[in-house]
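Work through three short exercises on the structure below. Each task is followed by its solution.

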Amino acid sequence: MLLGLAWTYLLLAHEWPRHWREKAWVIYASGILLLASTLIVAFASKQRIPFWPDVQEFGFFPNRNQTSNVLGLGGVMIYALGLQQFLESRKYWWLWLGSLSIICWALILNYSRAGIILFFFGALAVHAYWWIGFKERRRPLIALGGLIFLVALFVGDGGATLMRFGKETLGFFSPSQNLRLSIYRDAINLIGRVPLLGVGLANFPPIFSVHRHYSVADNDVIHPESDWLWVALELGWLAPLLLLILFVWWIRQCRPIAPGTFRLMRVSAMICGCAFAIHGIFDVSGHRIGSLWPALFLASVALHPNRAGRSAPAISRMFRVIGAFLTCIGVWWLMSILSTNTFPTSASLNRLQKRVQFAADRDDYNTVLMVASEALRIAPLEWSLYYKRGAAEAALFYSHSATQRDFAVARYLLPYWPNLYFQEGRIWIAVGEPDLGFEAWTEALQRSGQNAPGLYGQMFNVIKSDASLLDRWRELGRANKECLLVFLQNAGPFEFQVELQRLLSEDRQLQSLTLDELKILFSAWYQKGDKLALAETLRGRPEWQKIGWRELARSYADYQDYRQAYEIVRQFAPPPEVPQKTPQESTAVLQSRFKLNPTVDAGLALYFAQMREGQINDALMTLGQLTAFPGSPKYLSYLEAELWAQKGQWKEAWQALALFEFPNR
């Protein structure tokens, strides 16, 4: 942070000579074009740039919004540079405007709406200033054609990025569809509770996870989706106020916008600076040094070239001290990266975390315990270290109090992640402490919400080989109907019958179950329970037959009542779409053709001709030949079932119909 402040001061205090200012704009624009071109080439060739992050969009930052911020603001300045050279009647001004197609294409590939908005609205603002601030009208109209072309390019080839401006954008301001809004709300509430000087740098994730209310989810939030909120939380609410004062000072230092002071380029840089600050309300580009420094450069070149300045020897001496201090910091960091024992840094913390994971993968719990304890002295709010140390203590059969303490701290720091409770319970059961394990699992289910059935099923996979724990697992899911259904799907016949009777005694009409849950119940009943009782139950409840007709039909078939089974399927199952053929040739001609060219089309034509003449047995033989073809249509079995039913041979009719309706049974 000190380096960033020093660099900001240097840029804002730097006096740019006229020729250097022009060269800086050209170098900046060329660099942005180089980045955009590299992104496009990497995406087209599917080749990763060695020192770029491994992201789906092939961008140069892990966060695509930060990549698009740099490209979008760079595109605005390239557009302004082209207009400036157009005004000066330079020979190759059109190259800059033409190169904007590269920026536009890179923004489309980056799949971020932020860059598209920054570029087009920024360019439109620059064009509006040119139109209003200059007397000439013909050239702005010519340049506007290029901007319209870029809009058409985006509309025509925007692809998935363009689609994001549809329903996804309409749901941006809906808390139910956009978790970001809930995170904003929780972050704003937290600002009123943090100390005057904030929670400290890099402490947002663990502090925020404890205070989530509206944005509760089973994922970790590493930032509040806003530069301004992030600064307020980690540095205190005075920090964004000071930044706002600095922003107002910068705007005043850019004035006056007078002729002869590169006013078009400076106004464009001011627009970019304002856009960067506004973007910071909705994203965190200001917390990426690679996106912050280009914005600071634009803020510097936007300043008035003739603003008054005075020499301050004390500042020079102070910067020498800062430079020496930063040099020491750099040496310290270099030694830390090289694994030298120094004061702790984030690099040493990352190294320790990798050692913990490496040891855990090899069940070296003594090393896990030692290294995790060392890492916690650097990062006392890192929940994963407490969890891994607790797991190691449990595996080494240390005192329960120490293990429970570490697990409790991990849960406190990450209270809304049910999987953490599940994993803790799994560890307790593995070391022979089922009471503690099921206590953790009970908490996991209570915090899982709609995901409870899936988690409950995972619990079964852990204890299914231990008969002594199955009854406790059954009791665990009784309070949740969806979990009870998971139990019924995995229970043995006796346990199934016990729980089914209990369910029916509490809710004889099964009104507490949805249609989908009733389907699951009837399917489990057929697989695990008394099929005759299921058939009698469904036969007495016609409204349930619409849901459980498959199980009812199969139950009839299992008791060899094939006619009832067939008629139930015909009553509820929709018939397939069968190609209708009306052959004009005789049956003999069609039969010869089928023998010479045995295809489904030829066979169907023969089948329909045989049915027209009432040759049911011959039609059955034809269908039998067709169903033997590899990959033959499923509806052939349905047609075959109809013919067997006409002959009154219900077993064969059911077998053929079952091949159509239950191919995987």
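**Exercise 1. Place Pro344 and state its exposure.**

Step 1. Pro344 sits in the loop that joins α16 (313-337) to α17 (346-361). Helices here are DSSP runs of H or I with at least four residues, and strands are runs of E with at least two, numbered from the N terminus.
Step 2. The model is predicted: local features need pLDDT of at least 70, side-chain atom pairs count only at pLDDT 80 or more, and totals for chains, interfaces and linings use all residues. Residues are numbered from 1 along each chain as its sequence is written, and side-chain values use heavy atoms, without hydrogens and water.
Step 3. The relative accessible area of Pro344 is 46%. Pro344 is therefore partly exposed (buried is under 20%, exposed over 50%, partly exposed in between; 1.4 Å probe, protein chains only).
Step 4. Ala375 lies 31 residues from Pro344 in sequence, with 9.3 Å between their C-alpha atoms.

**Exercise 2. Decide whether Arg502 is buried or exposed, and find its contacts.**

Step 1. Locate Arg502 in helix α26 (residues 493-506).
Step 2. Its relative accessible area is 17%, so Arg502 is buried.
Step 3. Set aside neighbours within four places in sequence; Arg502 then contacts Arg478 and Leu484 (heavy atoms within 4.5 Å).

**Exercise 3. Sort the lining of the second largest pocket into nonpolar, polar and charged residues.**

Step 1. Count 11 nonpolar, 8 polar and 7 charged residues in this lining (nonpolar: Ala, Val, Leu, Ile, Met, Phe, Trp, Tyr, Cys and Pro; charged: Asp, Glu, Lys and Arg; polar: the others, Gly among them).
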